[in-house]
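This report considers how the secondary-structure elements and the aromatic side chains of one chain are arranged. Please read it alongside the coordinates.

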Amino acid sequence: LIKVLDETGFKSIHIYEESHCGFDAPWTTLIAFKDVETRKRWYRSPAAVELDLSRRILPTKDGKTSLRYFDGATMKGYQVPGKQFEAVYCRQEEQPQECNDKLLNGSSSYSPVLERHAIH
């Protein structure tokens, strides 16, 4: 699936797990952007996310946030994929170079290795 997304023009692909919503197990979600500039917004700091939320989401009548399961800290957790995604990615038949030497300059639109080890 990721290869198809890459081939059809998606420039930034991310996988994250959501375990805050009360389902029996975490849900894995894939999100893809055709504009590589969107990647910058994906890696905003928790404070920047909180500021955007306060500006864009209406509070409840008692002044509290209307979001129950999302805030800046939650978004920060989405930015680093789980180790299991890195393991699966590195088990490809043609193993990506960053899996061998942890280079932080991969060319793929999706690399959990780079996302787990890069400084954002």
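What follows describes a predicted model, taking the strands, then the aromatic rings, then one helix.

Strand β1, which spans residues 12–18, has 6 of its 7 residues buried, so the strand is largely enclosed by the rest of the structure. Strand β1 pairs with strand β2 (residues 27–33) in the antiparallel sense over 7 bridges, and within this pairing isoleucine 13 stands opposite alanine 32 of β2.

The aromatic pairs number 5. In one of them, tyrosine 16 and tryptophan 42 have ring centres 5.9 Å apart and planes at 45°, and because an angle under 30 degrees would count as stacked and one over 60 as edge-to-face, this pair is tilted. The pair links distant parts of the chain, since tyrosine 16 lies in strand β1 and tryptophan 42 in helix α2, 26 residues apart. Both tyrosine 16 and tryptophan 42 are buried. Ring pairs join Tyr16, Phe33, Trp42, Phe70 and Tyr78 into a cluster.

Two contacts of aromatic rings can be set side by side.

| Partners | Distance |
|---|---|
| Tyrosine 16 and tryptophan 42, ring centres | 5.9 Å |
| Charged end of lysine 34 and ring centre of phenylalanine 10 | 5.1 Å |

In helix α3 (residues 46–56), Val49, Asp52 and Leu53 are buried. These residues cover an arc of only 100° around the axis, which puts them on the same side of α3. Ala47, Ser54 and Arg55, on the other side of α3, are exposed. The cover over the buried residues of α3 includes α2 (38–42) and α4 (72–78).

Conventions
Residues are numbered from 1 along each chain as its sequence is written. This is a predicted model: local features need pLDDT of at least 70, side-chain atom pairs count only at pLDDT 80 or more; totals for chains, interfaces and linings use all residues. Side-chain values use heavy atoms; hydrogens and water are left out. Buried means under 20% relative accessible area, exposed over 50%, partly exposed in between (1.4 Å probe, protein chains only). Helices (H or I, at least four residues) and strands (E, at least two) are DSSP runs, numbered from the N terminus. The arc is that of the directions from the helix axis to the C-beta atoms. Contact means heavy atoms within 4.5 Å. Two strands pair if DSSP finds at least two bridges between them. Rings of Phe, Tyr and Trp (its six-membered ring) pair if their centres lie within 6.5 Å; planes under 30 degrees apart count as stacked, over 60 as edge-to-face and the rest as tilted. A charge sits over a ring if NZ of Lys or CZ of Arg is within 6 Å of the ring centre and within 35 degrees of the ring normal.
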